[in-house]
Amino acid sequence: MSWKRYRQRSSEIESHLAMETADNIARGMTPGDAADAARRKFGNPTLIREEIYRMNTASWLESILQDLRHGARMMVTNPGFTLIAVLSLALGIGANTAIFQLLNAVRLRSLPVRAPHELAEVKIVGGNHGMGVNNGLYAELTRPIWEEIRRDHPAFSGVFAWNQQGMALGEGKDFVDTSGIVVSGDFFRVLGVDPWRGRLIAPEDEHTCPGSVAVLSYGLWQSRLGGREIDANTKLFIEGRYRQIVGVTPPSFQGLAVGDRFDIALPACMPKELYTNSFEINVMGRLKPGWTVASASAQLAGQSAGIMAATEITGYDSTSVKKYRQFLLGAYPAAHGVSNLRNTYDSSLRLLLAITGLVLLIACANLANLMLARASTREREIAVRLALGAARGRVMRQLLVESALLAAVGAALGVGLAEVLSRALVISLANGGDNVVLSTGMDWRVLLFAAGVAAVTCVVFGMAPSFRASGADPVTAMRSGGRGMTAGRERFSFQRAMVVTQISVSLVLLAGALLFVRSFYNLMNFNPGIREEGLTVAFIGFEKSNIAKDHMEEFKRELKEDVRSIPGVTNAAITTHVPLIGGSWGHQITIGKMDDGAAFTWASPEYFETMGIPLLSGRGFNQADTAMAQRVAVVNQTFVRHFLNGADPIGQTLRTHPEPGYPSTVYQIVGVMADSKYQNVRDETPSFVIAPITQFPDHGPVTAMMIRSTLPAAVTVDSVKRRIAERHPEISMYAGSFQERIRSGMLRERLLAMLSGFFGLLAALLGMLGLYGVISYIVMQRRNEIGIRVALGANRGQVVGMVMRQAGLLLVIGVAIGAVLSLAAGRAAESLLFGLKPNDALTLATAAGLLAAIGGVASFLPARRASKLDPMAALRCD
Amino acid sequence: MFLMEKRSEILQGTLDMLILQTLAPGPAHGHTIAQVIEHRSEDVLLIEHGSLYPALHRLEDRGWIVSFWGTSENNRKARYYRLTAAGRKQLSVETSRWERVVRAVNQVLRPAE
């Protein structure tokens, strides 16, 4: 706009008046009269200026700028209003965007490959029911099954197999653990990933076993090779041999597992023997044009019987074989890759998104109330403007611009907040040492989402009050302005509805938050039947020690005795399986006529004492239970109930079903131990059998050790590591606090408790702000009436009571609606709760009580203010 | 004597014409223009001085006059206006239209002559 030109033009008026005044003085007038006469002759300078201003700023854009300036001024002059409105918006939008970004990264984002929607994963429908050995996070099929699919795949234009495994990079002191993928030759071609440098793995690489080539991810290429160009001499020591680096993948490609990255890709090679019971790979394919996931599934189902017959598992009993033959293959969409995070966090993230959505709703209701309260205080201003001839559309537009400005500032702040929040969320997802790699960077979808939320909030809630404000009849508005005893009926009911909504939604969120916090508390304080504090868990690998198979057991015992001699260590036991940190180990067993699965662990005699699991009857293990002696077992109470219907188990025998490496064996039950949790704290205790480690049929060069110590976990971990490294420097081991390991498995609950708690409090706070605002407003509107009442003799208590009754009614209605909603919403959270039901009465009552208490305070403040009204001042004012 | 109303369209066009005519001999500032119009009409046309300026700006926006800062006869900073070629053409258009109107009105008033 020609602001400068406007200035110039209006300064011209000053000079005109000066000249006229000078002329008048020359005609003999006194200076005062001369100036007056000049002004009389000129007309109204302000009007003229305004006309000039209008002429100069007639364009639409310029009047918007004018509105913006006005809006900004309004924001600055009402800092309290602005702060609450902008903060409500920022929190609502920010929290929503952050959670959405995470959900997007984990769930919605497509793989950065060519036509990701054509990708499908081939899996056994319903899984393999724990049959055989399951090796790897995303392993779904055995290699023999893959070979069958590779030979014949009518629905797919190309198929590939891959799996994920840790890979050792470098040797000696420079050794680092990296995450790798092993891929079939067609992996990159079918995915449509092009090399960033060199070439990627091709089918011919697959046949040269053991492989001699490797492909690096962009990240590892940068960090390890500094992004240097690769040539025929670029070699790295990977998994025990030097391999030539033939290529680098593009930066966008981080593998198929969302939340994991890969550093190294090696070609799969054909081992001497393919195991039909080792489920170790993931198979995916690209659908041919015209094929859908459903039609490919149908085709695979038809093919399944043949494939299963050709790859039949051996060494199992007839029931298992029969089950195997009935496996059906199916195709599943894989456009978004596979994800462990997704499986674990999907429902919690969705729930959190719903929660933040409700927070946004409350924030918007708050905003609407604020806008409404302000619109009513400005009703007179607007009425005057309308009476002076302002166009209705013009006033509406100004109100729109004002709320849009608020929304824009709130949204901008919200986007900033989202960045901070989502970074914090990713950090808290990366529990322990696990590396979670999620690209939650702002993408257009997230931005669109945030902007959409802001725009809708602004238009719907900002304009709703404006419609009425600008629709008001100027005369009525001016007459009633500020007094408003009759005119406010309709507006009141809208505001009340908003407050009731806020209170009821707040209650839902508060009750939900309490549920999750209590659930987390239950989980943290649940007694799993194991004394987990003071325990250290170690996983020890001694592949490089070259221990003969016969001496493996002896070697493990020596390791254990070594550890037991460390100062501070009170006990240590070796075991084949560590409970409570996920993972299971089961066998099918027969006892009498009962035939069912049971969890199995082989452990040294100290196990029960080390873990703090009491023996209830019979005996534990001792030196006499050697590999040569009668096989013995200790079972838990659930086992006794499930298999023996509570009868005395001592002396009974159980027989395991045969599996490769685990021939059918008869164990005599010699003792009963107390129930303890097995796979994780959340699951029901299974039937559980513990046998002596000496009788473990399949000794390998790895073992787990449980160590009880009186010293802090960090000290114990350190001294155990040092002691073992002194004697056996070639041994690799992981050691850490058992309790921390368990707790890191409760991340989902912690996340839910933390975030829902935060949002619940936020919701309550926003709801209370709303209630406070409306009650204050009502008190202000009724101050004449209250003044009259006080003048007629009403005492303070009566006035407070009158206002509180009004607030109490809103609270009661809100809480009642909220309670019903909470009960309905609780069902969605049922599977995420531990140790309490979603319709927990105590939780609901606590939430309602809490809300009522702060609601009482929020309405008492304005009520007290009302009671202190000076009747004379109240009546005279306005 | 009659007061020139700001918003009357015929008179507005007339004011435009009077301004253009005033500027025909050479540049002048707003105060001079007002004085000249009043003086020449023997104080019959009393313009509200203020209304002169929006009119001047309008003419400037249409490109009929241009403005520049100068110094007035008694050493005051003043904004001068000068007729452009387009303005001169517009003046002749306006003048001939005005004359047509005057002739027509006269014929109505004195049809017999």
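## Cores, chain contact and selected elements

In this predicted model, A:Val359 is in contact, neighbours within four places in sequence left aside, with A:Leu91, A:Gly92, A:Ala95, A:Leu509, A:Phe759, A:Leu762 and A:Ala763. A:Val359 belongs to the largest nonpolar core, which has 208 residues. Together with A:Ala633 and A:Ala763, A:Val359 touches the most other members of that core. Helix H22 of chain A, residues 747–781, gives the most to the core, with 18 residues. Separate from it is a second core of 21 residues, which includes A:Ile52 from chain A and B:Leu18, B:Leu20 and B:Ile37 from chain B.

The two chains touch through 18 residues of chain A and 16 residues of chain B. On the chain A side, the elements that give two or more residues are helix H1 (3–26), helix H2 (31–42) and helix H3 (45–56). H1(A) has the largest share, nine residues. Sorted by class, this side of chain A has nine nonpolar, four polar and five charged residues.

Helix H9 of chain A covers residues 293–310, 18 residues in all. The distance from its first C-alpha to its last is 24 Å, close to the 26 Å expected at 1.5 Å a residue. H9(A) nevertheless bends by about 45° at A:Gln303. Its buried residues are A:Val293, A:Ala296, A:Ser297, A:Leu300, A:Ser304, A:Ile307 and A:Met308. These buried residues pack against three strands and two helices of chain A, listed below.

| Element of chain A packed against by H9(A) | Residues |
|---|---|
| strand S1 | 119–124 |
| helix H6 | 143–151 |
| strand S11 | 278–287 |
| helix H10 | 318–325 |
| strand S12 | 329–333 |

Chain B contains an open sheet of three strands in the order S2-S5-S4, with antiparallel pairing. Strands of a sheet pair through backbone hydrogen bonds, either parallel or antiparallel. The edges of the sheet in chain B are strand S2 (28–29) and strand S4 (65–71), each of which pairs on one side only. S2(B) is joined to strand S5 (residues 77–83) of chain B by two bridges, and these two strands run antiparallel. B:Ala28 has B:Tyr81 as its bridge partner in S5(B).

Definitions and conventions: Residues numbered from 1 in each chain as written. Chains lettered and ligands numbered in written order. Predicted model: local features only at pLDDT ≥ 70, side-chain atom pairs only at ≥ 80, totals over all residues. Contact = placed C-beta atoms within 7 Å. Helix = DSSP H or I, 4+ residues; strand = E, 2+ residues; numbered from the N terminus. Nonpolar A, V, L, I, M, F, W, Y, C, P; charged D, E, K, R; others polar. Expected span 1.5 Å × (residues − 1). Bend = angle between axes of the 7 residues up to and from the residue. Buried ≥ 20, exposed ≤ 12 C-beta atoms within 10 Å, placed from the backbone. Pairing = 2+ DSSP bridges. Core = buried A, V, L, I, M, F, W, Y, C linked by C-beta atoms within 7 Å.
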